[in-house]
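Grab a coffee and work through a few short exercises on the protein shown here. Try each task before you read its solution.

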Amino acid sequence: MDQEMMQIEQMIADDPEFENYSLSISGNQATVTAYAVDKCKRTSEEAVDEYTDAFSAYTGADISIAPSGGSSSAMSGNYSTDTVDIVIEGEDIDALTQACEQIEEQMYAIPGVIHVKSDAATMQTAGHIVVDPQKAASVGLAPAQVALDLYQTMNGVTAAHMEISGSEYDIILNYADGVYEDINQLMSKTLSGPMGNQVVLQDIATVEYDQQLQMIQKTGGKIQNTVSATAAEGMKGDVTREITRKAAEMEFPGDVVLSSSLIEDMRGENLTAI
């Protein structure tokens, strides 16, 4: 993410249509706010389309582009995102996840689609490692120290910096692939205290799971999922027709089908076209 964030920041800094920008980072999330020059020739819609298209190839992060609400900026102005939604439903979560990936691939292949996003991630159960402060303190560790150790285990440690042709690069040390791939391996990790004493993570921490499935929208006992495509300015009509056609022709895994309400909408559009 660090490398991609640097590339994004540099792209915005080099844009002559931006007067300045601000960057804020919190955990694994970063927000860049760019401010347009006076008498900017580019509209908010054009800027959003341009950067959404430019960042669509970035696979290491989920990037969303939207205009700011500042009234003094040429990037202000109300902008309604031109999205086209496909709603699917089924009972098997794995099949729904596969169907979402299938739809996303088809959407990206359609001319005029500049961004695709689904809520498939909400179908996964999230786990959190909760450190017991008293147990950690017994070996001379604070919960924040344990959290930092785990973060570096998963993301690597910046060991040094080097400069090549005027550009600075981080040298990051990571564990070998496969060492900490699942929660069981992570909970078996040995931590070292300040006095050299060692403790296994599972002795001072537990794993708690958020049952996110309870928040998934269900209709008639089936789980629903939405895949949304953002269309470039002025192309929503063409994109909608092509996505609707492709969705009607697709064969989904397991028990996954298009939602009944979406099928009715498709039939209505076909009758209107006739």
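The exercises below go from the overall picture to single side chains, and the model is a predicted one.

**Exercise 1. Get your bearings: how many helices and strands does the protein have, and what share of its residues counts as buried?**

Step 1. Start with the secondary structure, which comes to 8 helices and 13 strands.

Step 2. Now the burial: the protein has 274 residues, and 31% of them count as buried.

Step 3. For the surface, the protein exposes about 16900 Å², with carbon and sulfur atoms supplying 48% of that area.

Step 4. Finish with contacts. Take those between residues at least 6 apart in sequence: 64% of them join residues at least 24 apart.

**Exercise 2. Follow R42: which residues does the salt-bridge network link?**

Step 1. Recall the basic idea: side chains of opposite charge can pair when their charged atoms come close.

Step 2. Look at R42 and E50, whose closest N and O atoms are 3.1 Å apart. That is a salt bridge, because the cut-off is 4 Å.

Step 3. Bring in D15, and you have the network: D15, R42 and E50 are linked by salt bridges.

Step 4. Check the cover on each side of the R42–E50 pair. R42 has 9% relative accessibility and counts as buried, while E50 is partly exposed at 40%.

Step 5. Don't forget the aromatic neighbour: the charged end of R42 sits over the ring of F18, 5.0 Å from the ring centre.

**Exercise 3. Place two more salt bridges: where in the fold do K189 and D149 lie, and where do R245 and E242?**

Step 1. The structure holds 6 salt bridges. One of them joins K189 and D149, with 3.0 Å from N to O.

Step 2. K189 is in the loop between α6 (183-187) and β8 (190-192), whereas D149 is in helix α5 (residues 143-155), so this pair ties together parts that are 40 residues apart in sequence.

Step 3. As for cover, K189 is buried at 5% relative accessible area, and D149 is partly exposed at 25%.

Step 4. Now turn to R245 and E242, which form a salt bridge with their closest N and O atoms 2.5 Å apart. Both sit in helix α7 (residues 236-249), 3 residues apart, or about one turn of the helix.

Step 5. Both ends of this pair are partly exposed: R245 has a relative accessible area of 38%, and E242 has 26%.

**Exercise 4. Find the nonpolar surface patch: which elements give two or more residues to it?**

Step 1. List the members. V157, M162, I164, Y169, I171 and L173 make a nonpolar surface patch of about 490 Å².

Step 2. Map them onto the fold: β6 (157-164) and β7 (167-173) are the elements that give two or more residues to the patch.

Step 3. Zoom in on one member. L173 lies in strand β7, and its relative accessibility of 54% makes it exposed, because the exposed class starts over 50%.

**Exercise 5. Sort the aromatic pair: how do the ring planes of Y175 and Y180 sit, at what angle?**

Step 1. The structure holds 1 aromatic pair. The ring centres of Y175 and Y180 are 5.1 Å apart, and their planes are at 85 degrees.

Step 2. Planes over 60 degrees apart count as edge-to-face, so the Y175–Y180 pair is edge-to-face.

Step 3. Add the cover: Y175 counts as partly exposed, at 43% relative accessibility.

Key
Residues numbered from 1 in each chain as written. Predicted model: local features only at pLDDT ≥ 70, side-chain atom pairs only at ≥ 80, totals over all residues. Heavy atoms only, no water. Salt bridge = Lys/Arg side-chain N within 4 Å of Asp/Glu carboxyl O. Buried < 20%, exposed > 50% of the residue type's maximum accessible area, 1.4 Å probe, protein only. Helix = DSSP H or I, 4+ residues; strand = E, 2+ residues; numbered from the N terminus. Patch = residues over 30% accessible without salt bridge, like charges linked within 9 Å, V, L, I, M, F, W, Y side chains within 5 Å. Areas by Shrake-Rupley, 256 points an atom, 1.4 Å probe, with all protein chains shown as cover. Contact = heavy atoms within 4.5 Å. Phe/Tyr/Trp six-rings, centres within 6.5 Å; stacked < 30°, edge-to-face > 60°. Lys NZ or Arg CZ within 6 Å of the ring centre and 35° of its normal.
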